[in-house]
Amino acid sequence: MSTPAVEAPVKHRAIRQYFRRWEHPFVGYAFLSPWLIGFFALTLGPMIMSVYYAFTDYSLLEKANWVGSSNFSRILFNDSTFKKSLQVTLLFVAFSVPLKLMFALAVAMLLNKELRGMSLYRLFIYFPSLIGASLAVAVLWQRIWSRDGFINEILGMLGIQGLNWVNEPRTALGTLVILVVWQFGSSMVIFLAGLKQIPRDYYEASSVDGAGKVRQFFMITLPLLSPIILFNLVLQTINSFQMFTQAFIITEGGPMQSTYMYTLYLYDRAFGRLQMGYASALAWIMLVVIAAATALIFLSSKFWVFYENEGRKAK
Amino acid sequence: MTARRRRHIGSHLLLIAFSALMLYPVVWWIGASLKTTAELGSPSLFPAVPQWSNFTEGWFAIPKFSFTHFYLNTFKLILGVLLTTLVSTSLVAYAFARLDFPLRNFWFAIVLVTLMLPSQVTLVPQYVLFHTFGWVNTYWPFYMPHALAGGIGGSFFIYLLVQFIRGIPRELDESAKMDGCTQFGIYWRIVLPLTKPALVTVFIYCFLWNWDDFFGQMIYINSVDKYTVQLALRMFIDTQSASAWGQLLAMSLVSIVPAVVVFLSAQRYFVEGIATTGIKG
């Protein structure tokens, strides 16, 4: 009868040791638990619910009724606002992302020099990006581009008759594009870090061989930077699709829905009309569009992204 | 030597001109916040007589509550979000960077996927969830996701901290382990102090993004006494219309000051944190 009494402490010690074991999975999961709970409760769970809502007429105030795929068929075939907002968003992404990246790269190259006061220049140029997403800047922007804003003052000095830019269907979206291009800072910082990793010898060796600046840019800088261009391109594309505050404040989607972003439409369906089912369906379509755009970028990257350890394509 | 110096002068001129172009709208903003509405259309940057009253009157322009109230609200929200984010994301990042457990790489891949997941997909069910909890018109919809290493930028912060912690030499952990330190002790006493530059980066981003998060604040907060600065500005736009542009611009200008102060005071760490993380990947 004495055997279990002896065994019990041993077993206990074994358990204690088991849990004290350095790399025990339990420890890992304990540290991971905040994220894990968050992932199931606030990401995966809601995603599953969102799929369900998309097939119902859920309205927050009343019970959800299953309506099959009618939300989707209505959106895709019978909703002109959906079409319009998708067009506006695609147009916005197609202009703002490439412009922003070109600017960011050009300025990063300008800043990639050993000059006195460089950190100050970097700060100045980064500044608009620091404040850019705020509602305050949207207020400023609305004012700058209004009929008696300073853009028109400057144009007036040059003898050009300005427009009421934010209230003109042809130009309203353009003002939003310029606003986000003005905030190229975060892409620029990433480009700058990439530029600093390109060995100087490459440039020196090629200039000994008689390569000019332009040739060096296309033969050295661009290929070696291409993975970072890809990274920035994907990041900015995903971000651009989700632009909300500026369009909501500056133009309120107008005039004539010329800046009616997809996110504005989604907001209106969900929180303006409380059509949670319809809004969920819209959200899933948005996800598919963003995923398709991202996939397209990744597929195309085979042709233009160069990885250094993958052979000598650049030479 | 002279040719080189001349090139330097050229670069400086170019950079000065470009900086001026970038900052011109901001300078105009400062000037405009001191103008009367009539002067806003005038070409001069600064008014002849600065209207400091734009600031004082703007501060009290919203009936019943002054901007002091809205700033205190916003700081209450941001402080909670910052604390929860720093604790939760650093714990999780430590697990990914240093600990070994089943499915680790799988979960990390999920983190990277959620990094790219547009928030719109979970927007409606999350709202419904918080609505059933009775959390609408409280700050819990902001605190809770951040406490669970989510919320605005959550996945990004985990990724950034993981990259940073991976760069800290493991020898330090090993020797602490020899001395009988627990895992939590290593996280708390060794890794966390060394992660300071990255934590400051997280702090700055978390502050900026939540400060600017107009959308989240708009859908979850609906009574004026709980309004944040962003929402107060929105209300200002809606109620004051054309007459008070000077005041509106003045209050908008003040609203970016905290973000600028936070950024400038921590900028040194910020650059360090950014330079050593993420970008290599």
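Select domain 1 and domain 2 of chain B: taken over C-alpha atoms, their centres are 32 Å apart. The assignment for chain B puts domain 1 at 2-58 and domain 2 at 66-275, with bounds that come from an automatic or database domain assignment. This is a predicted model, in which local features need pLDDT of at least 70, side-chain atom pairs count only at pLDDT 80 or more, and totals for chains, interfaces and linings use all residues. Residues are numbered from 1 along each chain as its sequence is written, chains are lettered from A and ligands numbered from 1 in the order in which they are written.

**Between the two domains of chain B**

Display the contact between the domains, where two residues are in contact if their C-beta atoms, placed from the backbone, lie within 7 Å. Domain 1 of chain B gives 13 residues to this contact and domain 2 of chain B gives 8. On the domain 1 side, helix 1 and helix 2 (53-59) of chain B each supply at least two residues. Helices here are DSSP runs of H or I with at least four residues, strands are runs of E with at least two, and both are numbered from the N terminus. Helix 2 of chain B has the largest share of that side, 4 residues. Colour the domain 1 side by class to find 5 nonpolar, 6 polar and 2 charged residues. For these classes, Ala, Val, Leu, Ile, Met, Phe, Trp, Tyr, Cys and Pro count as nonpolar, Asp, Glu, Lys and Arg as charged, and the others, Gly among them, as polar.

**Chain B as a whole**

Now select chain B entire. Its C-alpha atoms fill a box of roughly 70 × 70 × 35 Å along the principal axes. A cartoon of chain B displays 14 helices and 0 strands. Of its 281 residues, 41% count as buried; a residue is buried if 20 or more other C-beta atoms lie within 10 Å of its own, exposed if 12 or fewer, and partly exposed in between, with C-beta atoms placed from the backbone. Take the contacts in chain B between residues at least 6 apart in sequence: 77% of them join residues at least 24 apart.

Next, colour chain B by pLDDT, the predictor's confidence in each residue, from 0 to 100. The mean for chain B is 87, and 93% of its residues reach 70 or more. Among the elements of chain B, helix 6 (residues 140-147) has the highest mean, 96, and helix 14 (residues 267-275) the lowest, 62. Over residues 277-281 of chain B the pLDDT is below 50, although this stretch has 11 contacts in the model beyond near neighbours in sequence. Where pLDDT is low, the predicted coordinates should not be read in detail.

**Annotated spans**

UniProt, in an unreviewed entry, places "transmembrane region" at residues 12-31, 77-97, 106-130, 142-165, 186-211 and 244-264 of chain B. Its positions are given in the numbering used here, feature names are shortened, and annotations may be inferred rather than shown by experiment. Select residues 12-31 of chain B: the span is 100% helix and 0% strand, with its end C-alpha atoms 26 Å apart. Residues 142-165 of chain B are 75% helix and 0% strand, and their end C-alpha atoms lie 27 Å apart.

For chain A, the unreviewed UniProt entry gives the feature "transmembrane region" at spans including 26-55 and 172-195. Residues 26-55 of chain A are 97% helix and 0% strand, with 39 Å between the end C-alpha atoms. For residues 172-195 of chain A, the end C-alpha atoms lie 35 Å apart and the span is 92% helix and 0% strand.

**Where the chains meet**

Show both chains. The predictor gives the complex an ipTM of 0.86 and a pTM of 0.87. In contact are 71 residues of chain B and 63 residues of chain A. Helix 1 (residues 2-32) of chain B has the largest share of the chain B side, 14 residues. By class, the chain B side has 50 nonpolar, 16 polar and 5 charged residues.

**Single residues**

Centre on I158(B). Not counting residues up to four places away in sequence, I158(B) touches W35(A), T89(B), V92(B), A93(B), V111(B) and A149(B).

Move to I190(B), in helix 9 (residues 183-194) of chain B. I190(B) is partly exposed because 18 other C-beta atoms lie within 10 Å. Beyond its neighbours within four places in sequence, I190(B) is in contact with L172(B), D173(B) and A176(B).

Finish at helix 10 (residues 200-208) of chain A, where 0 of the 9 residues are buried. Just after helix 10 of chain A, G210(A) takes a positive phi of about 90°.
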